[in-house]
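Q: Please take a close look at one part of this protein model and describe how that part sits among its neighbours. After that, add a few single residues from elsewhere in the chain.

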Amino acid sequence: SKNRAFVFIDEIQRKENAGLFLKGLYDMKGNFKFIVSGSGSLELKEKIAESLMGRKRVIELRPVSFFEFVNYKTKNKYQNKIADFLNIEKEKCRILLEEYLNFGGYPKVITAETREEKQIHINEIYNSYLDRDIKGLLSLEKPESFTKLIRLLAADMGQTINYSKLGTDTGLAAETLKKYLYYAEKTFCIQHVSAYFTNKIKESNKASKIYFNDIGLRNYAIDEFGLLTREQEFAFPFENLILDILKERIKNSSSQIHFWRTTDKAEVDFVIDTGKELIPVEVKFSSYKQAHLPPSLKNFINKYNCKQAYLVNLSLNETIHYEACHVRFLTLGSLSNITFHSSRETG
């Protein structure tokens, strides 16, 4: 064709030597643009990516975000005013938030009208992932141990991993456990957050936390899908949601997200390392009436001379000063239009 043409290829991970096949098409230098899609299998992410070095742009389609979910539920009436809606309509925001934290962001689950239909769809997604991506493509030696691993990670989401106990509970040797965790992350089931440290003696330096790419899938893995009601049950799913938002806010930058924990168990949920400074972010699933800082956040600010810090909560929007640090208390509405930069850039 002399005209510009677009070619769509789906399920590319099923093509043998898919990377070399696509490289061959690219090197023909035809007047075509190829849009290639497939599951988050290692074949797609690793082998294809290696063959197409310098010839591709990778786009990861994540589950529907909370803000996209709100737009859908409100029929896009507040698309350009999402922050105002969430800050003013706090009761509606709480209802939508609890729904999202219960069922997650898979499109079929969101659009299903009843809890029973949502349950059917998440069951299909969960079992399809285990049977297709894990058992089918990766041919694991102990698929039942992988399933148990996912359930244990779901139960301990947001908490530091005890690798020794995890290995004992799953019956996996250390190297196999490490490999299975790698597979779970590369197939877009879980996401890993490492510890930030400068002092190996006083701060955790090998600790990790695990969160999920979809909160609904996590809930399903531990039989809590659609069943969260108590405030303490929402704490870690809310933390997972804030991690998703933070990652979206720093994408296409060199910034990294860690957490911080000392040997005496002082902890900050997330630390954004911009390369120039550290920005601590504490997450509380509670309605703050007035601004007050948790001791651990104060400790981190003092230790690392932070210029800015954030505390995400359900109700309070306010800025205070602690030492030389600007501390912003943010609701989800305010967080919707925050971009994290070094303090010199933000003025």
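A: Helices and strands here are DSSP runs, numbered from the N terminus; a helix is a run of H or I with at least four residues, and a strand is a run of E with at least two. The model is predicted. The part chosen for the close look is helix 9, which covers residues 163–170.

Begin with its buried residues. In helix 9, L166, G167 and T170 are buried. The arc they cover around the axis is only 100°, so they lie on the same side of helix 9. A general point about α-helices helps here. There are 3.6 residues in each turn, so residues three or four places apart point the same way. The face of helix 9 turned away from the buried side carries S164 and T168, which are exposed.

Next come the two ends. At the N-terminal end, N162 acts as a cap for helix 9: one of its side-chain oxygens is 3.2 Å from the backbone nitrogen of S164. After helix 9 comes G171, with a positive phi near 75°.

What does the buried side of helix 9 pack against? Its buried residues pack against helix 8 (143–155) and helix 10 (174–186). These two partners also meet each other. The axes of helix 8 and helix 10 come within 11 Å and cross at roughly 70°. This crossing makes helix 8 roughly perpendicular to helix 10. On the helix 8 side the contact is made by F146, L149, I150 and L153, and on the helix 10 side by L177, Y180, L181, Y183 and A184. Sorted by type, the residues of this contact are nine nonpolar, no polar and no charged.

Now for the single residues, starting with two backbone angles. Most residues other than glycine have a negative phi. N17 is not a glycine, yet its phi is positive, about 50°. N17 is in the loop between strand 1 (5–9) and helix 1 (18–27), and with a relative accessible area of 48% it is partly exposed. E323 is likewise a residue other than glycine with a positive phi, near 55°. E323 is in the loop between strand 9 (318–322) and strand 10 (325–330). Its relative accessibility is 62%; exposed means over 50%, so E323 counts as exposed.

Another loop residue is T262, found between strand 5 (256–261) and strand 6 (267–273). Is T262 buried or exposed? At 10% relative accessibility it counts as buried, since the cut-off for buried is under 20%. Not counting residues up to four places away in sequence, T262 touches K202, E203 and S204.

Two residues in helices remain. D244 is in helix 12 (residues 231–250) and is buried, with a relative accessible area of 16%. The side chains of D244 and R62 are joined by a polar contact of 3.1 Å. Leaving aside neighbours within four places in sequence, D244 is in contact with R62, Q191, F212 and N213. I88, in helix 4 (residues 82–88), is exposed, with a relative accessible area of 65%. I88 and G275 are 187 residues apart along the chain, and their C-alpha atoms are separated by 35 Å.

Key
Residues numbered from 1 in each chain as written. Predicted model: local features only at pLDDT ≥ 70, side-chain atom pairs only at ≥ 80, totals over all residues. Heavy atoms only, no water. Buried < 20%, exposed > 50% of the residue type's maximum accessible area, 1.4 Å probe, protein only. Arc of directions from axis to C-beta. Contact = heavy atoms within 4.5 Å. Polar contact = N/O pair within 3.5 Å; in protein donor to acceptor, adjacent residues only side chain to side chain. Axes fitted to C-alpha atoms, helices over the stretch in contact; angles between N-to-C directions. Parallel < 35°, antiparallel > 145°, perpendicular 65-115°, else oblique. Nonpolar A, V, L, I, M, F, W, Y, C, P; charged D, E, K, R; others polar.
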